[in-house]
Amino acid sequence: MSAKREPSVWEGFKAFLMRGNVVDLAVAVVIGAAFTNIVNSLVKGIINPLVGAIGTQNLDNYSSCLKAPCRVGADGSVKSGVPILWGSVLGATLTFVITAAVVYFLMVLPMSKYLARQAARKSAREGSKEVMEVTELEVLKEIRDALVAQRGSGHVER
């Protein structure tokens with residue numbers, strides 16, 4: 001009876017790192033951090049000026065007062081009242097929607113189309129292999145039938 005050897009902590013850690021998911025996740029985090037800068041620049045450079053054409057360029061300035069009088073300090077701290085800072089929520093929502101749209105249209109959609117084409121090519125190749133196998137099988141059956149017929153005619157002649 002042999003006892004199973006437990007993998008060491010180091011071996012387990014090495015297997016965890018080499019699994020592939022960890023590397024994919026690390027790449028995703030790095031790309032996501034770089035991508036966040038692009039989206040933030042898009043919001044600051046394009047979205048905020050468009051919003052600024054009808055109001056203020058900084059969405060954080062949009063707020064409502066739930067309990068008057070509302071006074072907010074220059075550093076953003078609430079001095080009195082209960083302000084609802086819906087502009088910052090709107091800005092964060094716009095950033096999220098833009099990020100999701102860019103990720104979907106520039107990464108997810110092209111990748112899914114690519115994978116669908118790959119799957120279609122693979123199924124087409126498998127389908128042609130299957131047709132070839134069926135065709136080869138039919139040819140072999142015809143050869144067998146011809147040989148059987150020749151043997152049968154050969155036995156009759158003897």
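User: Happy to have this one to look at! Which residue forms a salt bridge with Asp145?

Analyst: Good place to start, and please keep in mind that this is a predicted model. The count of salt bridges comes to one. In this pair the closest N and O atoms are 3.1 Å apart, which is inside the 4 Å cut-off for a salt bridge. The partner of Asp145 is Arg144.

User: Is Arg144 buried, partly exposed or exposed?

Analyst: The partly exposed class lies between the 20% and 50% limits of relative accessible area. Asp145, at 43% relative accessibility, falls in that class. Arg144 has 48% relative accessibility, so Arg144 counts as partly exposed.

User: Thanks! How many helices and how many strands does the chain have?

Analyst: Let's walk along the chain. From the N terminus on, the elements run α-α-β-β-α. The secondary structure therefore comes to three helices and two strands.

User: What share of the residues of the chain counts as buried?

Analyst: A residue has to be under 20% relative accessible area to be called buried. The chain has 158 residues. The share of them that counts as buried is 9%.

User: I work with reducing agents a lot, so which cysteines form a disulfide?

Analyst: The structure holds one disulfide. A disulfide is a covalent bond between the sulfur atoms of two cysteines. Here the two sulfur atoms are 1.8 Å apart, within the 2.5 Å cut-off. The pair is Cys65 and Cys70.

User: Is the disulfide of Cys65 and Cys70 right-handed or left-handed?

Analyst: The handedness follows from the torsion about the S-S bond. For Cys65 and Cys70 that torsion is about 90°, so the disulfide is right-handed.

User: What is the relative accessible area of Cys70?

Analyst: Its partner, Cys65, is partly exposed, with a relative accessible area of 38%. Cys70 is partly exposed as well. For Cys70 the relative accessible area is 29%.

User: How far apart in space are Val82 and Cys65, C-alpha to C-alpha?

Analyst: Val82 lies in strand E2, which covers residues 78-84. Val82 is partly exposed, with a relative accessible area of 36%. In sequence, Val82 and Cys65 are 17 residues apart. In space, their C-alpha atoms are separated by 5.9 Å.

User: Now the surface. Which helix gives the most to the nonpolar patch?

Analyst: The patch is formed by Val23, Val27, Ile31, Tyr104, Phe105, Leu106, Met107 and Val108, with about 770 Å² of accessible area together. The elements that give two or more residues to this patch are helix H2 (21-52) and H3. With five residues, the element that gives the most is H3.

User: Is Phe105 buried or exposed?

Analyst: Phe105 is one of the residues of the nonpolar patch, and its place is in helix H3. A residue needs over 50% relative accessible area to be called exposed. Phe105 has 51%, so Phe105 is exposed.

User: Which residues form the positive surface patch?

Analyst: One of its members is Lys122, found in helix H3 (residues 86-157). Lys122 is partly exposed, with a relative accessible area of 48%. That is over the 30% needed for a patch residue. The full set is Lys113, Arg117, Arg121, Lys122 and Arg125.

User: One last thing: how far apart in space are Phe96 and Thr36, C-alpha to C-alpha?

Analyst: Phe96 is found in helix H3. Phe96 is exposed, with a relative accessible area of 58%. Along the sequence, Phe96 and Thr36 are 60 residues apart. Their C-alpha to C-alpha distance in space is 9.9 Å.

Conventions
Residues numbered from 1 in each chain as written. Predicted model: local features only at pLDDT ≥ 70, side-chain atom pairs only at ≥ 80, totals over all residues. Heavy atoms only, no water. Buried < 20%, exposed > 50% of the residue type's maximum accessible area, 1.4 Å probe, protein only. Patch = residues over 30% accessible without salt bridge, like charges linked within 9 Å, V, L, I, M, F, W, Y side chains within 5 Å. Areas by Shrake-Rupley, 256 points an atom, 1.4 Å probe, with all protein chains shown as cover. Salt bridge = Lys/Arg side-chain N within 4 Å of Asp/Glu carboxyl O. Lys, Arg positive; Asp, Glu negative; His and termini not counted. Charge placed at Lys NZ, Arg CZ, Asp CG, Glu CD. Helix = DSSP H or I, 4+ residues; strand = E, 2+ residues; numbered from the N terminus.
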